[in-house]
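Q: I have a protein model open on my screen and would like to learn how to read its cavities, salt bridges and surface patches. Could you walk me through them?

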Amino acid sequence: MSRTERRLREPVGREESPQAGAGAGAELGGAARETLEDYTLRFAPRSYRRWTPMVVATTALGGIAYLADFSIGAGIGLTHGTGNALAAILVAAVVIFVTGFPLAYYGARYNLDLDLITRGSGFGYYGSVLTSVIFASFTFIFFALEGSIMAQGLKLGLGLPLWLGYLVSTFMVIPLVVYGMKALSKLQVWTTPVWLLLMVGPLVYLVATDPGTVNRWLSYAGTGGQGGVNTASVLLGSGVCLSLIAQIGEQIDYLRFMPPRTDANRRAWWTAVVVAGPGWVVLGALKQAIGVFLAVYVIASVGPAAAAEPIQQFKAAFDAMMPSWLVVPLAVALVVISQIKINVTNAYSGSLAWTNSFTRLTGRYPGRMVFVLLNLAFALALMEADMFSFLNRVLSFYSNCAIAWVVTVATDIMVNKYLLKLSPHAPEFRRGMLYAVNPVGTVAFVAASGLSIAMYFHALGDTLQPYSPVAAALIAFVVTPLMAVLTKGRYYLRRTTDGIDEPLLDADGNPSATLYQCHVCRQEFERPDVAACRTHDAVVCSLCLSTDRVGDHVLPASVG
């Protein structure tokens, strides 16, 4: 161990602690302590990651218990018919799985959330603020969707007016998102078996007792009555499904707490990453297909408008197999459990995304709960505006941005890092180590989202309009490596060393667990979360670097 490294690990005397820009070290210390429950903005250290791979996977999968899939599938099926809906669901699932795999692997392997991965995968330290806002929008859009579904259930079961149901579904999740991963893991693990039983039981019963429902489902031609599978309908439907591509960000918010991969846990580790990472879309696609099935089953009794509502779908399914007095309570229970399971994740992940953006842009950390409330306010506004009635239009537009972002980052990892080797293999997220903006990801994202949105709004003609999601994916996939080649990868790293002798990774390729004390906030952090200070013979943690409004501690640009 070098003398400098020993010095960096030693506690720094109080007289050496400076002010961090315009903010006091004591203020930063309070912010640092607040983030240690769920490691907002930070690398998740080994000392915190005590869960087994299967517990992490169960927690992550619990977050996809949402009922929006049933509405999405039903909406596509009712409009375009079952054949087109199933083809659209399959196309979207393949794209989501392929793009989600490298992101899930990086999140679990290096214990970073998707925003931190995005920074070093083509966007730069400030460039990824744009994608953080895109992800935050995803969380409040789907919070509003799930809240609307819960309000429909409360109206049916308890007679609550929709506006009051929206308020109830919003405020009931606040206590559950205060405590971060520890509370969320318990909630998801204990509620998942009940949710699975309530969701799968009615479907199995209907198919077993009335096999004709399957034939009616497969032959349903849609409200247009056209029938047959055609490319335009499949692509329009897949565009709606692909709005869920950003769900991988919420999965990674859990997967970042995976334990280190070792020879002893290798099989369980990989199983958990695949199942709870890109594998979420398998269950999601099944739910969308079930949504089409249930919508076709209930359309004769409730009409096409209500057939897309999950509460009506499951009420009819329960009614076929249970006493009438039990039907509504069970349907409402399923809706409430599902909404709580997903919306605690939406509120949690959204607050992380907003906090990331705000802290980088302003150098201030106001606390995650501020952004929990902000995210909920946006979601409540969408619910009160009756978002459910124009669901498919909202999701179709949003999917263009989400596809452009996720495909850009996935391409940077798969192509630029592993094939072209122009992007640094290990992800980097710390201020000072990255350029403010990297044109590789930023240009690819803007080009892909901008052109696909123009196509969606018929700017390039009616014929090309259904192809907007395909354009978003293809443009991002082509432009990302093209920009890396044109820039020769020079805008990824502002520095090639962080001033600490010890490597970031240990002998097994896992992030090093060696502790260093930040001389600003006085907290201890593991090796990947710190860098040498510009003005002191000490280290600074990543959050104190983010909140250094003057830049006293940020290392200068250099090579070597």
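Q: Which residues lie nearest the centre of the second largest cavity?
A: This is a predicted model, so please read each feature as computed. The second largest cavity has 13 lining residues, and those nearest its centre are Asp113, Leu114, Asp115, Phe135 and Ala353. Helices α6 (114-123), α7 (129-158), α13 (247-255) and α17 (324-362) each give two or more residues to this lining. The largest share, four residues, is from α17.

Q: How do the residues of that lining divide into nonpolar, polar and charged?
A: Five are nonpolar, five are polar and three are charged. The volume of this second largest cavity is about 90 Å³.

Q: How many cavities of 30 Å³ or more are there, and what lines the largest?
A: There are five such cavities, and the largest holds about 120 Å³ of space. Its lining includes Phe43, Tyr110, Glu428, Arg430 and Pro528. Here the division is ten nonpolar, no polar and two charged residues. Glu428 and Arg430 also belong to a network of salt bridges with Asp498 and Arg527.

Q: Let's turn to salt bridges. Which residue does Asp115 meet in one?
A: A salt bridge pairs a side-chain nitrogen of Lys or Arg with a carboxyl oxygen of Asp or Glu within 4 Å. Asp115 meets Arg360 in this way, at 3.0 Å from N to O. Asp115 is in helix α6 and Arg360 in helix α17, so this pair links distant parts of the chain, 245 residues apart. Both residues are buried. In the whole structure, the search finds ten salt bridges.

Q: Why does the salt bridge of Lys287 and Asp69 tie together parts far along the sequence?
A: Their side chains meet at 3.4 Å, N to O. Because Lys287 sits in helix α15 and Asp69 in helix α4 (residues 68-80), the pair ties together parts 218 residues apart in sequence. Lys287 counts as buried because its relative accessibility is 0%, and Asp69 is buried at 0% as well.

Q: Are Arg266 and Asp263, which also form a salt bridge, buried or exposed?
A: This pair meets at 3.1 Å, N to O. Arg266 is partly exposed, with a relative accessible area of 35%, while Asp263 is exposed at 69%.

Q: Last one: which residues make the nonpolar surface patch?
A: Leu90, Val94, Phe97, Val98, Val282, Leu286 and Met414 make a patch of about 600 Å². Helices α5 (82-110) and α15 (280-307) each give two or more residues, with the largest share, four residues, coming from α5. Val282, in helix α15, is partly exposed because its relative accessible area, 49%, falls between the 20% and 50% cut-offs.

How values were computed. Residues are numbered from 1 along each chain as its sequence is written. This is a predicted model: local features need pLDDT of at least 70, side-chain atom pairs count only at pLDDT 80 or more; totals for chains, interfaces and linings use all residues. Side-chain values use heavy atoms; hydrogens and water are left out. Patches are made of residues with over 30% relative accessible area and no salt bridge: like charges are joined within 9 Å, nonpolar side chains (Val, Leu, Ile, Met, Phe, Trp, Tyr) within 5 Å. Accessible areas come from the Shrake-Rupley method with a 1.4 Å probe; for residues, only the protein chains shown count as cover. Buried means under 20% relative accessible area, exposed over 50%, partly exposed in between (1.4 Å probe, protein chains only). On a 1 Å grid over the protein atoms alone, a cavity is a set of points where a 1.4 Å probe fits but cannot get out, and a pocket is an open set with protein on both sides within 12 Å along at least five of seven lines; lining residues have an atom within 4 Å of a point. Grid points are joined across faces, edges and corners, and a volume is the space filled by probe spheres set on the points. Ala, Val, Leu, Ile, Met, Phe, Trp, Tyr, Cys and Pro count as nonpolar, Asp, Glu, Lys and Arg as charged, and the others, Gly among them, as polar.
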